[in-house]
Amino acid sequence: MSSLSLSLCNLSTLHNHSLSQPNHTYNNTIHTHSYATKEMSSIFSPAMKFTTWRKLWLALATAEQELGLDISNEQLQQMKDQLYNIDFEKANEYESKFRHDVMGHVHAFGDVAPLAMPIIHLGATSCYVGDNTDIIQLKEALKLVQRKLVQTLEILKTFAEKYADLPTLGFTHYQPAQLTTVGKRCTLWMQDLLLDYERVTYELEHLPMRGVKGTTGTQATFLELFDGDHEKVKQLNSKVCKAMGFDKVIAVSGQTYTRKIDYHILSLLSGIAQSAYKMCGDIRLLANLKEVEEPFAKNQIGSSAMAYKRNPMRSERCCSLSRYIMSLPPSAANTHANQWFERTLDDSAIRRIILPEGFLAVDVVLNLLMNIADGMVVWPNVVQKHVMEELPFMATEVILMECVKAGGDRQELHEAIRVHSMDAGKVVKGEGKANDLLERIAKDPLFEAVHSKLDTLVDPKLFIGRAEEQTKEFLAEEIDPVLQKEEGLLGKEVVDGVNV
């Protein structure tokens, strides 16, 4: 038997004898220790989902009693007492028996609250617990995302303040351009994240609950329960939503809330991912220039082969996860577009994947951003070296104007600068030597008027425009009001660290 055949045989044996063993079946990477956080995972956990189902059943029964249905206080109390007493194995047994997840949990709830069994889920359809729970989970997840966006902005503010006046090369087309400052560049990242914060805040303020709508959204069953009393049905809808913490209720629906909401939410998450990718992409490029580096632990290994390397692994992971998040909105768009009439079930499976995993990934991305920003290292001498390699070319216009003001011929001076610049460029590109343009100008008698002050004319801070002022104004006028408004979010500790 060949070694290849033996290898394949061993793989088959391993497969057949280890399916029930830990680490022998596939685990989604987002859910492993390195990625998913406990905070976000708990929001989309089975415990959160099914206790919310029970809270919704209690809210419905309570409102139905208040509006006159024959439901006793004892029934409600028993439901309340058993909200968190979930026998998941029993629920799974019922689900296998009935081939229906909601009815499986109705019966599991009824086992521990037998007095209430006759009125659990009274008048409701599966989407009453399913869709409303989805909305509640989305809301809680958005709160966590909002908190971490605010915390990220606070950390970046400190960085932007510290380097508000440090001149650095600007880049357009990834070619050297006019100078900016390290702090001003940071505000570009912050501006994107601020827009993301504003969108998250908007969604939190306007996210509607599905409410009590019935099988096709007409509330027909509830109208029957209340003997045709339309006002009581409207009150029932309002009471349940307020009991679950929602002031806004979706006005009309089919069986489900419109799946366009899912598209809006995932588009929002995609926006955060875009901001993170942009920031971390810049950091990766700056790391190559050795101007800025992400945190690097004392014993961290950058490469198994090249021991000297300091790879921007956190930024790379952030970009990788962000690319995944940005791929999700089209799935939500297709799901919404393909919902026929009042509802089709082809939305269910994909939503159970893309909604929680979109949030799990964004949560990790924000943790990474905070970690990177909090320990980001700037090497000012390298930054200055790169500035001074290009600044002589940028300073030529100032030199030209100073010489003209001293009585020089503008056209003659312009031609001399052009020739010197071309020659200096050949030295830099052709010979790999330092930019000697200023030395050439210092030796040319045409520029005698500025020979004594050449050094002052090429001070980098003269070429940063309003970058420092813009940075300070942006922080004071745009960021500080948000940090003051959300002060309560800043003190909350991030539960999970970052593993690299």
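**Salt bridges, cores and overall form of the predicted model**

In the predicted model, Asp101 has a relative accessible area of 19% and is therefore buried, given that residues under 20% are assigned to that class. Its salt-bridge partner, Arg352, counts as exposed because its relative accessibility is 52%, the exposed class being over 50%. The closest N and O atoms of the salt bridge between Asp101 and Arg352 are 3.4 Å apart. This pair links distant parts of the chain, with Asp101 in helix α6 (residues 101-112) and Arg352 in helix α14 (residues 348-375), at a separation of 251 residues.

In total, 24 salt bridges are present in the structure. One of these lies within a single helix: Lys157 and Glu161 both belong to helix α7 and are four residues apart, about one turn of the helix. The closest N and O atoms of Lys157 and Glu161 lie 3.9 Å from each other. Lys157 is buried, at a relative accessible area of 17%, whereas Glu161 is partly exposed, at 45%. A further salt bridge joins Arg259 to Asp347, with a distance of 2.8 Å between the closest N and O atoms. Arg259 is located in the loop between α10 (230-243) and α11 (260-288), and Asp347 in the loop between α13 (329-337) and α14, so this salt bridge ties together parts that are 88 residues apart in sequence. Arg259 and Asp347 are both buried. In addition, salt bridges with shared partners connect Glu39, Arg147, Lys148 and Asp363 in one network.

Helix α7, which comprises residues 126-162, also contains Asn132. Asn132 counts as buried because its relative accessibility is 0%. A polar atom of the Asn132 side chain lies 2.8 Å from the backbone nitrogen of Gly211. When neighbours within four places in sequence are left aside, the contacts of Asn132 are Leu56, Cys127, Met209, Arg210 and Gly211.

In soluble globular proteins, nonpolar side chains tend to be buried together. The largest nonpolar core of the present model contains 112 residues, of which Trp57, Met79 and Phe359 touch the most other members. Helix α7 supplies the largest share of this core, namely 16 residues. A second core, separate from the largest one, consists of 23 residues and includes Leu391, Cys403, Ala416 and Ile417. With neighbours within four places in sequence again set aside, Phe359 is in contact with Met40, Phe44, Leu138, Ala141, Leu142, Val145, Ile265 and Leu269.

At the level of the whole chain, the secondary structure consists of 20 helices and four strands. The radius of gyration is 31 Å, well over the 23 Å given by the globule rule for 500 residues, so the protein chain is more spread out than a compact globule. The C-alpha trace spans about 105 × 75 × 40 Å along its principal axes. Of the 500 residues, 49% count as buried. Among contacts with a separation of 6 or more, 77% are between residues 24 or more positions apart. The accessible surface of the protein chain amounts to about 25600 Å², and carbon and sulfur atoms account for 52% of this area.

Terms used
Residues are numbered from 1 along each chain as its sequence is written. This is a predicted model: local features need pLDDT of at least 70, side-chain atom pairs count only at pLDDT 80 or more; totals for chains, interfaces and linings use all residues. Side-chain values use heavy atoms; hydrogens and water are left out. Helices (H or I, at least four residues) and strands (E, at least two) are DSSP runs, numbered from the N terminus. Buried means under 20% relative accessible area, exposed over 50%, partly exposed in between (1.4 Å probe, protein chains only). A polar contact is a pair of N or O atoms within 3.5 Å; within protein, one must be able to donate a hydrogen and the other to accept it, and residues adjacent in sequence count only if both atoms are side-chain atoms. Contact means heavy atoms within 4.5 Å. A salt bridge is a side-chain nitrogen of Lys or Arg within 4 Å of a carboxyl oxygen of Asp or Glu. The radius of gyration is taken over C-alpha atoms; the globule rule is 2.2 Å times the number of residues to the power 0.38. Accessible areas come from the Shrake-Rupley method with a 1.4 Å probe; for residues, only the protein chains shown count as cover. A nonpolar core is a set of buried Ala, Val, Leu, Ile, Met, Phe, Trp, Tyr and Cys residues joined through side-chain atoms within 4.5 Å.
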